[in-house]
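Biologist: I would like a close look at one part of this model, its internal empty space. Please set that part in the context of the whole chain.

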Amino acid sequence: MAALLFCGTLTGFAQSQGDFRFGITGGLNLSNITDLQSDCRIGFNAGVKVDYGFTNEFYGTSGLIFTQKGAKDEEDGMKAEVNPLYLGIPIYAGYRHNVGNGLSIFGELGPYVAFGIAGKTKLTEKESGTELESKTDFFDSAKNVDAGIGLRAGIEISKFQIHLGYEYGFCKVFDEGSNHNSNFNVGVS
C-alpha cells in the first residue's frame, strides 16, 4: 500500500483545460453478489488511469483496473467463497471543485465494462471431522462480462486523491436468479 501511495504521488501533476493526466490507482473492495444471501468479500483493485480536462472543473476519466469481486457464505458446516478477478474499464465524467490551498473535492459518475479473466469457486465441507475442499473455475458457471454504473467521490490534496466508490452491475452473474455484482471500494490515486 505504501508503494501505491508513493507512486500515486509521483505520477500526479496539475491538470488544466485540454491536458491529460496519467497515474496509478489502487485500493480495497467490499463486494457481494446480490440475491445470493451471502456475506461481503474483501478484495482489491489496482490499475492505471487517465484523466482529460475539458475545463478546469470538468474532466473525463478512464483506465484499466484489475478488480477482485465476489462473495462468501457459510451454512450448516459448508463454506462457499467465490473470487472472480475482472479487468474493468470505467468511463466516467467528473467534476472537481477547488477549495483552496491545494485541496479539491471531486465526484465522478459513468458506465463501466469488466471482463472476467480469472477466479475460483471454493467449497469447503466438514464431514465426520474431516474437511473436504473443492475448487472450480468461477467462470465455468458464471458470465465473464459485467457492465454497469459506477460513482466515486473524494478529496484531492496536492494532486493525490483519496476516494470512496460504488459499482452496480447490470449484467446477471449467473443465468438463474436476479444476481448482480455490487462493489463498494476505497482507494488512492
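Of the 189 residues of the protein, what percentage count as buried? Then the cavity itself: which residues lie nearest the centre of the largest cavity?

Modeller: Ground rules come before the answers. This is a predicted model, in which local features need pLDDT of at least 70 and side-chain atom pairs count only at pLDDT 80 or more, while totals for chains, interfaces and linings use all residues. Residues are numbered from 1 along each chain as its sequence is written, and side-chain values use heavy atoms, with hydrogens and water left out.

Burial first. Of the 189 residues, 39% count as buried. Here buried means under 20% relative accessible area, exposed means over 50%, and partly exposed lies in between (1.4 Å probe, protein chains only).

Next, the fold. The protein has one helix and twelve strands. The helix comes before the strands in the sequence pattern, α-β-β-β-β-β-β-β-β-β-β-β-β. These elements are DSSP runs numbered from the N terminus: helices are H or I with at least four residues, strands are E with at least two. Take contacts between residues at least 6 apart in sequence: 59% of them join residues at least 24 apart. Contact means heavy atoms within 4.5 Å.

Now the empty space. Rolling a probe the size of a water molecule over the atoms shows where empty space is left. The search uses a 1 Å grid over the protein atoms alone; a cavity is a set of points where a 1.4 Å probe fits but cannot get out, and a pocket is an open set with protein on both sides within 12 Å along at least five of seven lines. Two cavities of 30 Å³ or more turn up. The largest holds about 310 Å³. That volume is the space filled by probe spheres set on the points, with points joined across faces, edges and corners.

To your cavity question: I65, P90, Y92, R152 and E167 lie nearest the centre. They belong to a lining of 27 residues, each with an atom within 4 Å of a point. Eight strands each supply at least two lining residues: β1 (20-33), β2 (41-53), β3 (58-68), β6 (85-100), β7 (103-118), β10 (145-157), β11 (160-169) and β12 (181-188). β3 gives the most, with five residues. By class, the lining has 14 polar, nine nonpolar and four charged residues. Ala, Val, Leu, Ile, Met, Phe, Trp, Tyr, Cys and Pro count as nonpolar; Asp, Glu, Lys and Arg count as charged; the others, Gly among them, count as polar.

Two of these strands hold residues worth a glance. R21 sits in strand β1. R21 counts as buried because its relative accessibility is 7%. Its C-alpha is 8.2 Å from that of G53, 32 residues apart in sequence. L164 sits in strand β11. L164 counts as exposed, at 57% relative accessibility. Beyond its neighbours within four places in sequence, L164 contacts L151, R152, A153, N185 and V186. The C-alpha atoms of L164 and L151 are 8.5 Å apart, 13 residues apart in sequence.

Two loops join strands that line the cavity. Most residues other than glycine have a negative phi. N101, in the loop between β6 and β7, has a positive phi of about 55 degrees. N101 is exposed, at 86%. K159, in the loop between β10 and β11, has a phi near 75 degrees. K159 is partly exposed, at 35%.

For contrast, take the second largest pocket. It holds about 190 Å³. Its lining has 14 residues, with S38, K72, D73, A80 and E81 nearest the centre. β4 (71-75), β5 (78-82) and β8 (120-127) each supply at least two of them. The lining splits into six nonpolar, two polar and six charged residues.

Last, the filled space. The largest nonpolar core has eleven residues: I33, A71, V82, Y86, Y112, A114, F138, F139, A142, V173 and F174. Such a core is a set of buried Ala, Val, Leu, Ile, Met, Phe, Trp, Tyr and Cys residues joined through side-chain atoms within 4.5 Å. Within this core, A142 touches V173 and F174. The C-alpha of A142 is also 9.9 Å from that of E176, 34 residues apart along the chain. E176 lies in the loop between β11 and β12 and is exposed, at 61%.
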